Amino acid sequence: MVKPLTESITLYNGVEIPKLGLGVFLMKDEEELVEAVKAAVEVGYRHFDTAKIYGNEEYLARGLKESGISREEIFLTSKVWNYDLGYEQTKIAFQETLDRLDTDYLDLYLIHWAAPKYAESWKALIELYEEGRVRAIGVSNFQIHHLEDLKNQELMQPMINQIETHPEFPQNELHEYMKENGIVHEAWGPLGQGKTDLFQQPVILGLADKYGKTPAQIILRWHLERGEVIIPKSVRASRIQENSEVFDFSLTSNEMELMATLNTGTRYGSDPDDQERLKQTSIRPEN
């Protein structure tokens, strides 16, 4: 087996998170996901990111088991969904996630969105962390005002914030806030989720030609130069391999400035401050 992809960033509590992980958002086909996970392990991935709402935690567990990798070698992340927010319900949801992932601990547990009752859920995550049931805790899709709210309640600061980030939407203000406060920036949708023509941008094509890399590899390297953790999604073994080959070159400061010109402020995912959506997704569906 190849050398594991273990280049990491250290969270403020000393836990190391691999800089590159495999995201499994929208992977609904069990066999496809299992094969993708096995391919990723073979390439050297040791970081896997899922969520309750993805409906594939069991598939990820199966893929990891069939890969033959030991639990201790894996950095495993999942997230609590909006209709499970609240102190007691979050603890129940956490145990259900452990059961689906066939593990007795998580490496990272996140609040998926700042939906109603997120502060109560955060208190539950703090307790789970203090009990040693999760090695690190954080949030996802939180804005500065959400992070300030937790700070003003004198609650433990999140160790990580997983947010939509790509060259068209670099989240510069939030990025700087997190850097100043010691919160690691983790990027979801790091390649724009296929909703953008980023791969055709002359700046990126020029850098790809210079370094003998693909446009996707240039974009992923841009994230790494910014000190971010990345979780690109793919079910194709060749793309999973391609996404891993980003640690053998660097972009210069001038090239990073060129990449900064691609910022259009375009968010492709949901708005974290869309209150109506947050309320609607906090309603538990009837079985």
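Hi everyone, let's start with two helices. Helix 2, residues 57-67, and helix 3, residues 87-101, have axes that come within 7 Å and cross at roughly 40 degrees. Please keep in mind throughout that this is a predicted model. Angles under 35 degrees count as roughly parallel, and with their crossing angle helix 2 and helix 3 are therefore oblique to each other.

Which residues of helix 2 and helix 3 meet? On the helix 2 side you'll find Glu57, Glu58, Leu60 and Ala61, and on the helix 3 side Thr97, Arg100 and Leu101. Sorted by class, that contact of helix 2 with helix 3 has 3 nonpolar, 1 polar and 3 charged residues.

Stay with helix 2 for a moment, as we turn to a pocket. The second largest pocket has a volume of about 190 Å³. Helix 2 gives the largest share of its lining, with 3 residues. Among the lining residues of this second largest pocket are Ala61, Leu64, Lys65, Ile69 and Leu101. You have already met Ala61 and Leu101, in the contact of helix 2 with helix 3. By class, the lining of the second largest pocket has 6 nonpolar, 2 polar and 3 charged residues.

Now for the sheet. In what order do the strands of the open sheet come? There are 8 strands, in the order 3-4-5-6-7-8-9-10, and the pairing is parallel. At the edges stand strand 3 (22-23) and strand 10 (229-230), each with a single partner strand, so one side of each has no neighbour in the sheet.

Let's zoom in on one pair. Strand 7, residues 137-140, and strand 8, residues 160-164, run parallel and are joined by 2 bridges. If you want a residue to click on, try Ser140: its bridge partner in strand 8 is Gln162.

What lies across strand 8 and strand 9? That is helix 6, residues 172-181, which runs at about 170 degrees to strand 8. Helix 6 also has helix 5, residues 144-152, to pair up with: their axes come within 10 Å and cross at roughly 25 degrees. Helix 5 and helix 6 are therefore roughly parallel to each other. From helix 5, Ile144, Leu147, Glu148 and Lys151 take part in the contact, and from helix 6 come Glu173, Leu174, Tyr177, Met178 and Asn181. Those residues in the contact of helix 5 with helix 6 divide into 5 nonpolar, 1 polar and 3 charged.

Last topic: empty space. Rolling a probe the size of a water molecule over the atoms shows where such space is left. How many cavities of 30 Å³ or more does a search of the whole structure find? The search finds 1, and the largest cavity has a volume of about 30 Å³. Its lining includes Asn141, Phe142, Ile163, Leu174 and Pro272. Leu174 should sound familiar, as one of the helix 6 residues that meet helix 5. The lining of the largest cavity divides into 4 nonpolar, 3 polar and 2 charged residues.

Finally, the largest pocket. About 710 Å³ of space lies in it. In total, 31 residues line the largest pocket, and Phe25, Trp188, Gly189, Gln193 and Lys233 lie nearest its centre. By class, the lining of the largest pocket has 13 nonpolar, 12 polar and 6 charged residues. Thanks for listening!

Definitions and conventions:
Residues numbered from 1 in each chain as written. Predicted model: local features only at pLDDT ≥ 70, side-chain atom pairs only at ≥ 80, totals over all residues. Heavy atoms only, no water. Axes fitted to C-alpha atoms, helices over the stretch in contact; angles between N-to-C directions. Helix = DSSP H or I, 4+ residues; strand = E, 2+ residues; numbered from the N terminus. Parallel < 35°, antiparallel > 145°, perpendicular 65-115°, else oblique. Contact = heavy atoms within 4.5 Å. Nonpolar A, V, L, I, M, F, W, Y, C, P; charged D, E, K, R; others polar. Pairing = 2+ DSSP bridges. 1 Å grid on protein atoms, 1.4 Å probe; cavity = no way out; pocket = protein on both sides within 12 Å on 5 of 7 lines; lining within 4 Å. Points joined across faces, edges and corners; volume = space filled by probe spheres on them.
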